[in-house]
Amino acid sequence: MGNVPEASLPAEPLHERYWYVEGTEARPVPLPAGEFWSQVMSGAPSDAFVARVVEADGWLVTQYDIDGTTDHEELHPDGDELHYLVTGDLDLVLVADDGSQTAISLQPGTMANVPRGVWHRIATRAPSRGVAFTAGRGTQHRPVSRRADPEHRSAP
């Protein structure tokens, strides 16, 4: 293919594979999304590329499909997270240190920012598809407190 880099081929569905953007380079993460996410959530990735991604200063890009409320909250201490809603109706629920919550409502075609250092989760009012741009270094996870969210149910 001339001087077209092999890493740019072929196109893949965004929900099947994360992309990692660092500086001016973009590459697909070499693991399927589920395996990548499992390694990130474990806190001890076994894949060298995943280990680099969770410690480096880049952006993770993925598409997510959700119906319900996530069963965990996450926090990105070293950067913001942007959400673009493609379809559906959802809230980004921001959780303050004192436990108070603020919801940012998204409808298709809107985008919102989760500031660095803020615990957050997603709660839907309809099945939704979004795209997240995450500054992933240092990402932390914790289970959703059932006391804080009595209507909690696991998302797929």
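**Exercise 1. Locate S128 and describe its surroundings.**

*Solution.* Start with the element: S128 belongs to strand β8, which spans residues 119-135; strands (E, at least two residues) and helices (H or I, at least four) are DSSP runs numbered from the N terminus. A word on the model before going on: it is predicted, so local features need pLDDT of at least 70 and side-chain atom pairs pLDDT 80 or more, while totals for chains, interfaces and linings use all residues. Residues are numbered from 1 along each chain as its sequence is written, and side-chain values use heavy atoms, with hydrogens and water left out.

Next, check burial. S128 has 3% relative accessibility and counts as buried (buried is under 20% relative accessible area, exposed over 50%, partly exposed in between, with a 1.4 Å probe and protein chains only).

Then look for a polar partner. The S128 side chain reaches the backbone nitrogen of D89 at 3.0 Å. Finally, list contacts (heavy atoms within 4.5 Å): leaving out residues up to four places away in sequence, S128 touches Y64, D65, I66, L85, T87, G88, D89 and L90.

**Exercise 2. Find the aromatic pairs and say what each one ties together.**

*Solution.* Two aromatic pairs are present. Rings of Phe, Tyr and Trp (its six-membered ring) pair if their centres lie within 6.5 Å; planes under 30 degrees apart are stacked, over 60 edge-to-face, the rest tilted.

Take Y18 and F36: their centres are 4.5 Å apart with 45 degrees between the planes, a tilted pair. Y18 lies in the segment before β1 (19-22) and F36 in helix α1 (residues 33-42), so this pair ties together parts 18 residues apart in sequence. Both Y18 and F36 are buried.

Now Y20 and F49: 6.2 Å centre to centre and 90 degrees between planes make this pair edge-to-face. Y20 is in strand β1 and F49 in helix α2 (residues 48-55), so the parts joined are 29 residues apart in sequence. Y20 is buried at 1% relative accessible area, and F49 is buried at 17%.

**Exercise 3. Map the nonpolar cores.**

*Solution.* A nonpolar core is a set of buried Ala, Val, Leu, Ile, Met, Phe, Trp, Tyr and Cys residues joined through side-chain atoms within 4.5 Å. The largest has 13 residues; Y18, Y20, V29, F36, V50, V53 and L60 touch the most other members. Elements giving two or more residues to this core are α1 and α2, and α2 provides the largest share, four residues.

To finish, turn to the other core: a second, separate one of eleven residues includes I66, L106, I122 and A132.

Note on methods. Polar contact = N/O pair within 3.5 Å; in protein donor to acceptor, adjacent residues only side chain to side chain.
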